[in-house]
Amino acid sequence: MSVANYAKDIWQVMSTTFEGMSITLSHLVRRPMTIQYPDKIPVPIQETLPHRYRGILEVDLDICTGCLACERDCPITCITIGIDMNKETKVRQFTHFDIDVCKCMYCGLCSEACPTGAIRHSQEFEGASYNPAGLVRHFAPQLQNLYKPKKGGETDPTLVAKVDIGQKYLDEFATPDGGAAADES
Amino acid sequence: MQAYLDQMIRDGAFAGVPKEVVYAVAMVLAAFVVLSAFVAPLAGVTSWLERRVWARMQSRVGPNRVGPQGILQWLADGIKNLLKEDLIPADADSKLFSFAPYVVFMGFLCTFVVIPFGADLIVADLNIGILYILAVTSLVVVGILMAGWASNNKWSLLGGMRSAAQIVSYEIPAGLAILTIIFLAGTMSMQGIIKAQGWVPWDWYLFHSPFTLGAFFLYFTAALAEGNRTPFDIPEAESELVAGYVTEYSGMRFLFFFFAEWGNLYVIGAVATTLFLGGWQVPPIFENPVLLGIAQFVTFFLKAYLWVFVAMWVRATLPRVRVDQLMALCWKYMVPLSFTCLLGTIGLMFVPAQGQTIIKAITFGFALATAINFFRRVVFQVRNARPELYFKPQI
Amino acid sequence: MSETAPARGFYTEEDMTISVGPQHPSTHGVLRFVVKTDGEVISEAIPDVGYLHRSIEKIGEKVTYHGYVPYTDRADYLAAMFANQAFCMAAEKLAGTDVTRRGEFCRVIACELNRIASHLISVGTFGQDIGAMTPFVHALRERETINNLMEEICGARLTYNYIRIGGVGYDILPETCAKIGEFLNHFEPIVDEFNRLLSGNKIFIERLAGVAVVSKEDAFSYNLVGPNLRGSGVKWDIRRDIPYSVYPELEFDVPVGMAQVGALGDSYDRYWVRIREMQESCKILRQCLQMMPKGPAISKVPKKFRPPAGEYYARVEAPRGDMGFYVVSDGSEYPYRVRIRTGSYTAMSIIDKISKGIMLADLIALIGSLDVDAPEIDR
């Protein structure tokens with residue numbers, strides 16, 4: 001190898017090392033980007049997550065109509081719903097509404113299919129449990145009547161807020177006739 | 001230290017005990033104090049500091065939970081390793097296997113008896129000080145070969161041999177660079193070399209001539225290679241196939257090798273400071289001997305630790321060199337350059353004193369200009385890429 | 001054995017057989033190579049795949065079309081959008097559905113963001129394999145910002161289920177578009193800094209220049225795609241040559257290996273193609289943000305999606321090459337067959353040929369530069 005190449009090699013090693021070391025030193029004096037979860041954060045992480053965040057599923061059984069659309073659309077069959085006719089009152093009731101959270105793949109297809117927004121993804125992500133049975137969430141602890149959506153909007157004051165929350169969740173999805181940003185000017 | 005002992009013997013403090021025994025016992029005690037009170041916590045804190053420095057260079061935080069700012073992390077690691085199962089492979093040579101970490105450990109611990117912490121703070125000021133350090137650090141090679149052989153594992157053997165070849169090859173540029181300074185100082189004693197320099201930066205051997213500046217970089221690079229630090233850490237790279245000669249080691253034995261590596265960083269820094277940076281020389285403003293001693297100790301420690309920091313910094317920056325490139329670097333680049341530095345220094349010794357002062361001034365000016373350029377570059381990097389963009393509003 | 005064969009590279013009795021993987025810090029996912037070597041030079045490196053096989057293709061026969069889209073995310077979780085898009089394109093062609101224009105732009109934005117994220121991981125882990133640990137963490141830091149953006153767009157950080165049949169699942173709001181613009185302003189200098197730190201480093205260049213050269217002929221005969229093919233000098237990009245979506249309207253370059261530091265088709269060329277592709281994706285994103293029309297983001301698609309019988313093969317340019325979904329429909333609501341073709345699977349096959357006669361350290365460089373990843377190989 002020629003002397004010129006030899007000297008060039010030495011010069012390149014030194015200059016690129018110099019450059020690299022200046023970059024790492026510049027990082028040393030900057031603020032680190034770590035979030036020191038879980039104890040050194042100013043607000044709980046759940047409050048900083050966007051509304052669309054697909055955390056663990058939650059069901060508001062008060063506005064669930066029992067249409068079973070979520071159970072059908074789930075690609076991994078993690079939702080199990082049982083509906084039975086109550087012999088005395090002749091009204092259909094939920095016997096169980098179980099979601100196996102460890103099977104769920106957080107795809108959001110069930111929440112999109114729901115007509116009222118009763119089943120939705122929450123901002124919760126800390127769902128660890130000490131045994132697999134703890135990962136099956138039971139949303140119908142006792143027998144409960146199905147919800148019948150009223151034409152012209154909900155009038156029962158206890159349910160108005162819930163229906164609104166469900167509807168707001170459903171508005172996030174894109175639809176063929178406009179979505180969240182279709183009419184923005 | 002010998003002067004103090006002689007004084008105490010004359011005052012009759014050790015009645016009836018022969019002088020040699022007093023010397024021997026005193027040296028053993030001093031060595032013990034240095035090793036347990038200084039070296040062990042130093043190596044541990046170096047491991048913690050290394051992780052914090054790397055982390056900050058990578059925009060993250062590093063261990064900060066065990067103790068204030070995480071400074072006791074090394075204790076936690078040490079205790080964890082002590083509690084692990086002591087595993088010796090079935091077909092391994094168990095005596096050699098157990099003994100190898102201690103040989104490596106001795107290889108670096110023995111150097112501390114000649115490290116000059118201050119004008120009077122040295123365990124034994126041998127008149128072959130720096131040669132003793134070179135000799136004793138070669139024990140590490142024996143330890144590594146023992147570890148590689150005794151593991152009864154083809155990969156450990158190969159890793160051990162490669163590592164031994166690396167260390168032995170890089171002793172040559174390191175030795176030549178040290179020889180350059182020995183020629184300048186005229187003595188091999190550590191205190192003698194320091195006393196031949198002054199306290200102002202331009203009286204240090206680092207800026208004595210361009211050849212000593214080159215010798216310094218050659219020494220530092222060769223010492224990093226001897227200490228198995230990136231960019232020369234092939235033997236212990238995790239992303240290579242195996243972990244080299246430490247593959248079969250676990251628990252405390254494994255930690256011994258790394259303990260030796262972190263401690264060795266300080267030895268590298270200390271030798272670099274002694275030879276090139278003027279050691280413990282401080283401006284002559286202290287009259288009180290105790291204050292002077294403390295000032296000298298702090299100066300030496302800070303200068304040596306600066307090089308430990310630079311070693312960590314280099315490791316965070318550079319990728320790894322391949323084994324054949326490592327050997328080519330040593331034999332084709334560093335050995336000829338070290339010879340050039342040595343011959344250049346010897347040649348410059350014949351230049352009259354005024355000429356030497358001019359060369360010193362030019363070298364110092366050049367080094368200062370490079371340092372200023374470097375910091376300007378750092379400021380440019382900080383301004384240019386600002387990674388503070390972060391979308392979570394409250395955090 | 002011709003005269004040009006390397007001095008070593010054939011198996012002798014003293015060679016050792018070792019297993020690189022499946023647990024190993026530098027194979028990208030669970031991969032295994034059975035390597036025969038004499039300690040330094042490799043004579044054979046046979047890949048052993050299948051550790052991450054999850055029967056995704058078989059699952060395609062058991063779930064509906066809409067329900068299969070989340071499964072396609074997992075076919076390559078680092079480039080999930082592309083698998084979504086390829087499957088949805090195949091399903092749309094089978095059923096004759098159109099995609100709205102805004103939906104197409106949302107798809108391109110999401111895909112290019114995902115391409116940047118995937119390439120960041122690729123170059124970061126490649127640097128880590130070579131020994132430079134800092135650029136890896138910097139790349140991950142940037143990817144975290146992209147993950148935050150994707151979280152705002154579709155609610156998930158890795159497995160998105162965003163691109164649906166007929167368009168996209170969620171619309172991209174104007175404030176998110178503003179954030180993407182800010183991210184681009186911030187990201188382009190970061191790529192330059194990354195280049196100064198890693199790509200320009202002489203030790204890095206020396207490790208990779210001329211190492212594991214894949215010639216054009218080899219690349220064709222072993223069916224390499226994506227940056228691996230472009231690194232060998234072939235200008236082939238599905239977005240240009242078999243265009244889909246709105247790519248014909250966008251202006252961007254297709255970076256090709258240029259033998260800057262060694263032979264054409266060496267590891268550095270493949271790595272450099274990925275860096276340049278990140279910069280080109282930034283250009284594409286800026287154009288999309290400007291050109292995005294108003295309108296619905298998804299077209300009308302029946303809930304019970306039942307395309308007529310037929311078959312279609314849809315190809316997209318994924319970060320690891322040409323990803324193809326071959327979907328056969330028999331008229332029912334479940335696909336009859338879904339076949340996924342990925343770039344990493346064929347890249348594994350070339351490793352044996354190229355690794356004859358190179359050193360162990362270079363094998364790691366080869367695997368990293370080919371950017372193989374286990375979920376794509378095993379599906």
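A salt bridge is counted where a side-chain nitrogen of Lys or Arg lies within 4 Å of a carboxyl oxygen of Asp or Glu. Arg229(B) forms such a bridge with Glu50(B), with the closest N and O atoms 2.4 Å apart.

The model is predicted: local features need pLDDT of at least 70 and side-chain atom pairs count only at pLDDT 80 or more, while totals for chains, interfaces and linings use all residues. Residues are numbered from 1 along each chain as its sequence is written, chains are lettered from A and ligands numbered from 1 in the order in which they are written, and side-chain values use heavy atoms, leaving out hydrogens and water.

**Two domains within chain B**

Chain B is divided into domain 1 (20-83) and domain 2 (87-350), with bounds that come from an automatic or database domain assignment. Their C-alpha centres lie 18 Å apart. Across the interface of domain 1 and domain 2 of chain B the rule finds one salt bridge. Helix 2 and helix 3 (73-82) of chain B each give two or more residues to the domain 1 side, and helix 2 gives the most, with 19 residues; helices here are DSSP runs (H or I, at least four residues), numbered from the N terminus. The domain 1 side divides into 16 nonpolar, five polar and two charged residues. In this grouping Ala, Val, Leu, Ile, Met, Phe, Trp, Tyr, Cys and Pro count as nonpolar, Asp, Glu, Lys and Arg as charged, and the others, Gly among them, as polar.

**Two interfaces**

Contact means heavy atoms within 4.5 Å. Buried area is the accessible area (1.4 Å probe) that two parts lose on being put together, summed over both.

| Interface | Residues in contact | Buried area | On carbon and sulfur atoms |
|---|---|---|---|
| Domain 1 and domain 2 of chain B | 23 residues and 25 residues | about 2000 Å² | 83% |
| Chain B and chain C | 35 residues and 44 residues | about 3500 Å² | 61% |

**Chain B against chain C**

Between chain B and chain C the count is one salt bridge. The side chains of Arg322(B) and Asp362(C) meet in a salt bridge at 2.8 Å, N to O. On the chain B side, helix 2 (19-57), helix 7 (154-185), helix 11 (289-317), helix 12 (323-348) and helix 13 (353-384) each supply at least two residues. The residues of chain B that touch chain C comprise 16 nonpolar, seven polar and 12 charged.
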